[in-house]
Amino acid sequence: SDHMENIYGYLMKYTNLVTGWQYRFFVLNNDAGLLEYFVNEQSRHLKPRGTLQLAGAVISPSDEDSHTFTVNAASGEQYKLRATDAKERQHWVSRLQICTQHHTEAIGKNNPPLKSRSFSLASQGSGSSPGVQRRPSQNAVSFFNVGHHRLSTGKRVPILQPDHLVDVREMMSQAEGQQRDLIRSIECLPVSGHLTSLDQDLLMLKATSMATMNCLNDCFHILQLQHASQQKGSLPAGTTINWLEPKIPLSNHFKNGAAQNFPAEINKPASVREEQCIAEPCQLTREPEEINPDEELEDIGDDKEDNVGAVEEQRSVILHLLSQLKLGMDLTRVVLPTFILEKRSLLEMYADFMSHPDLFIAITNGTTPEERMIRFVEYYLTSFHEGRKGAIAKKPYNPIIGETFHCSWRMPKSEVAADAGSNLPAHSPSEQVTLSKDLEGQTESDYYTVKFVAEQVSHHPPVSGFYAECVERKMCVNAHVWTKSKFLGMSIGVTMVGEGLLSLLEHEEEYTFSLPCAYARSILTVPWVELGGKVNINCAKTGYSASINFHTKPLYGGKLHRVTGEVKQNTTNTVVCRVQGEWNSMLEFTYSNGETKHVDLTKLLVTRKRVRPIEKQGPFESRRLWQHVTESLRDGDIDKATEHKRALEERQRNEERLRAETETPWCTKYFLKE
């Protein structure tokens, strides 16, 4: 009883990034189980500025210093508080924990078992007392449906076998959907009246249903481990089966067109699986698929990311996110809000860098090593403009491990520069639209085909591989990129770690190249993209190299998107070409003979890629995998997009944990690690 006294005093409360920490007068009401705060002590007789229910709350001292602690309510609301010193923090934390424990235990003691009770919304506002509203004698039709999920009567449940785990997961997904509907129904209730969303019985129902789903999820995980161990004979040394921490909320694993995500070889003998490890050692990995080009259709999607509204409307979310970040923090594992996503996967973004296939194919047409290096530099510098979708900086989807993207381009042979004097083709927008229609009457011998495939080969670290080839011209490009992102205050920086290799088989030449860093600037207003850093292109056989600098804008003055570079012959140290301009508008090339060429990137021919319709794509091809997220973003339904995105990410985490515990290696589909 000594510890259950009401306490009060001033604490600092964190509000947001703009207003920061502010002194507020807090009162712990032990009798009601409430933590209330006021602007100051003088306003204590007025209505509280904020109130937290402590039943079911978690009180956590912070490890960032000795003064800070957080109060996390069962409703999801959080107070981040700071005392004047460590002693005062301990005083508040201990009193809050005692009050929380007392009221949490009281809920369980004072309420009968949930199975004998029902809750009705039918008589809400009818004038009857809350006690009468919650009697079992009410009309069952109006009750929340929290009963057992009934299987169809004509379906007999067989003894559980490994291949029947899919049926179990389906039932669990349905149950999880019902539990989610229950939570929404409770949270939609008014905060005042006879039956409110803060009713202690309903809070207990929410907590119990969530705990039940978490428990089922853990049991299902143990079943997976047991079946995996039966196939291998025994669990690996050191493997333990225990409850998962933290609890992972179940998601609908069959949304987004995803197929069964258990090991495809789980029914095969262990010896067969080990022999096939290179080709098919784990889920989602099958033999490389040969894409039929006749199934691919010209892409008509044009999701330009120029909508400022979403960013403006969600500024408070951005502020909250920024308040959790520290300078230099690695953002690889930070879940960013869905509204900042652009409607394509990172793998497709890499494909969009190939939107000028005529310039790509023209590289090998150069008659001398010098000309081929210059043509590669011209192609390289023109690729970034089309890779961006609009002026607003948005983030493509983080690819799921095993995700792939396929596409191709068809280029009329007449459109590809052949001789040394050819300039880069410049087409008007109308010509860009009609070019693909001209292909319809042509035969295969009238055009070149560039095929592209990308694959997410690693989750942590996030590494993507992509490859493109033109068989007719005996040329291909192969690259891997590890995207490392960091928080830089008012901007986000992304380092593209990796290397690309262009192979011109006809000339037996290989060109290595790197990629610049990317920055999302002004993330609190209208974010925009800037490239920065130095990249190098080298051909060891010919001795030619190129050095390109992407200049970031200085604090005062200077131009945006500026790029400079030079091509030189290493043995003689002779500069054969210089380039300057902006990578997203106009480039100027000056050659050693004094000639100058200007390239207007806004008028360059853009060839639309050809992609198979979603219904013909595999379950882990980018557009089919992310289709529900993309559709929700197009409809402006951010909550639904977030739900679909979370389901994909949770499945990836669960599968990664299962592979780690069963020591099952991940093997790629199209790329081999050297």
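Visitor: How many helices and how many strands are there in the chain, and what makes a run of residues count as one or the other?

Guide: The chain has 14 helices and 24 strands; both are runs assigned by DSSP and numbered from the N terminus, where a helix is H or I over at least four residues and a strand is E over at least two. This is a predicted model, in which local features need pLDDT of at least 70 and side-chain atom pairs count only at pLDDT 80 or more, whereas totals for chains, interfaces and linings use all residues. Residues are numbered from 1 along each chain as its sequence is written, and side-chain values use heavy atoms, with hydrogens and water left out.

Visitor: What makes the span of helix α14 close to the expected one?

Guide: The expected span is 1.5 Å times one less than the number of residues, and for the 24 residues of α14 (638–661) this gives 34 Å, to be set against the 34 Å that the helix reaches from its first C-alpha to its last. Just after α14, E663 takes a positive phi of about 55°. Helix α3 (residues 165–187) can be judged in this way too, since its 23 residues reach 33 Å and 33 Å is expected.

Visitor: Which residues of α3 are buried, and what is meant by that word?

Guide: Buried means a relative accessible area under 20%, exposed means over 50%, and partly exposed lies in between, with a 1.4 Å probe and protein chains only. In α3 the buried residues include L165, V168, M172, L182 and I186. Of the 674 residues in the chain, 48% are buried.

Visitor: Why is S458 called buried, and why is R608 called partly exposed?

Guide: S458, which has its place in strand β12 (447–458), has a relative accessible area of 17%, and therefore counts as buried. Leaving aside residues up to four places away in sequence, S458 touches I401 and V463, where a contact means heavy atoms within 4.5 Å. R608, in the loop between β23 (596–600) and β24 (610–611), has a relative accessible area of 39%, so R608 is partly exposed. The C-alpha atoms of R608 and D299 are separated by 6.1 Å, although these residues are 309 apart along the chain.

Visitor: How many disulfides does a search of the whole structure find?

Guide: The search finds zero, which says that no pair of cysteine sulfur atoms lies within 2.5 Å, as a disulfide would require. Cysteines do occur in the buried part of the chain, among them C407 with a relative accessible area of 2% and C577 with 4%.

Visitor: What makes β20 a partner of both β19 and β21?

Guide: Two strands pair if DSSP finds at least two bridges between them. Strand β19 (544–551) and β20 (562–569) are joined by eight bridges in the antiparallel sense, with A546 bridged to V567 in β20. β20 and β21 (574–582) also pair antiparallel over eight bridges, among them those from R562 to E582 and from V563 to G581. These two strands form a hairpin with four residues between them, and N573 in the turn has a positive phi of about 60°. β21 then leads through three residues to β22 in another hairpin, and β21 pairs antiparallel with β22 (586–591) over five bridges, R578 standing opposite T590.

Visitor: What are the two faces of β20 like, buried or not?

Guide: V563, G565, V567 and Q569 point to one face and are buried, while R562, T564, E566 and K568 point to the other and are not. In a regular strand the side chains alternate between the two faces of the sheet.

Visitor: Why are β4 and β5 called edge strands?

Guide: Seven strands form an open antiparallel sheet in the order β4-β3-β2-β1-β7-β6-β5. β4 (50–53) and β5 (58–61) each have a single partner strand, so one side of each is left without a neighbour in the sheet. Neighbouring strands here are turned by 35° against each other on average, direction ignored. Within the sheet, β6 (68–72) and β7 (78–82) run antiparallel and are joined by five bridges, and T70 stands opposite K80 in β7.

Technical notes:
Axes are lines fitted to C-alpha atoms, for helices over the stretch in contact, and angles run from 0 to 180 degrees between N-to-C directions.
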